[in-house]
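Here are some notes for a colleague who is meeting this structure for the first time. Please read them with the sequence and the structure at hand.

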Amino acid sequence: MDLLQPLELPPYAFKISDKNGQLTLFDEIRKKHIVITPEEWVRQHFVQYLINQKKYPKTLIKLEGGLRLNGMAKRSDIVVFNSASEKILMVECKAPAVTIDQKVFDQIARYNMTHKIALLAVSNGLQHYYCRIDFENRAYKFMEELPAYNEL
């Protein structure tokens with residue numbers, strides 16, 4: 001397994017270090033070195049995609065936010081806020097080897113029962129799915145492309 005495998009996201013020049021045989025990268029959002037795992041590699045690329053391609057402000061992105069679901073502590077991978085501190089996007093990241101299937105969609109849907117965010121994304125770095133939730137009509141619609149920050 002190649003930890004630094006190319007993804008279907010724009011490449012980014014991360015600050016990567018080798019700390020005693022363990023690769024880390026500097027996380028711009030959390031402002032610290034993070035051990036690179038396949039899922040973290042996807043999360044870091046997706047964050048850079050949000051910032052550089054879709055122009056989401058770095059200061060409005062939160063990584064690994066805690067939430068409680070049925071009394072259990074869970075973590076959402078990426079949550080993005082607007083300037084009014086409202087949650088506008090949640091992203092669930094998986095390792096490239098993980099197939100994006102119904103279980104993954106069920107997971108982000110369960111997390112969203114707590115967050116109630118209208119825009120969801122799921123990515124394993126190779127495949128990306130975007131979905132807009134219509135809470136009023138209890139419906140959802142998949143989208144080809146993730147909207148840019150200024151399109152929300």
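**Notes on a lysine and two hairpins**

1. The side chain of Lys94 makes a polar contact with the side chain of Gln107 at 2.7 Å; a polar contact is a pair of N or O atoms within 3.5 Å, where within protein one must be able to donate a hydrogen and the other to accept it, and residues adjacent in sequence count only if both atoms are side-chain atoms.

2. This is a predicted model, in which local features need pLDDT of at least 70 and side-chain atom pairs count only at pLDDT 80 or more, while totals for chains, interfaces and linings use all residues. Residues are numbered from 1 along each chain as its sequence is written, and side-chain values use heavy atoms, with hydrogens and water left out.

3. Lys94 sits in the loop between β6 (87–93) and α2 (102–115), where helices (H or I, at least four residues) and strands (E, at least two) are DSSP runs numbered from the N terminus. Lys94 is buried, with a relative accessible area of 14%; buried means under 20%, with a 1.4 Å probe and protein chains only.

4. Beyond its neighbours within four places in sequence, Lys94 has contacts (heavy atoms within 4.5 Å) that include Glu39, Val42, Ser123 and Asn124.

5. Strands β7 (residues 119–123) and β8 (residues 128–134) run antiparallel and are joined by five bridges, strands being paired if DSSP finds at least two bridges between them. Val122 stands opposite Tyr129 in β8, and in this hairpin, with four residues between the strands, Gly125 takes a positive phi near 85 degrees.

6. Five bridges also join β8 to the antiparallel β9 (residues 139–143), with Ile133 opposite Tyr140.

Note on methods. Buried < 20%, exposed > 50% of the residue type's maximum accessible area, 1.4 Å probe, protein only.
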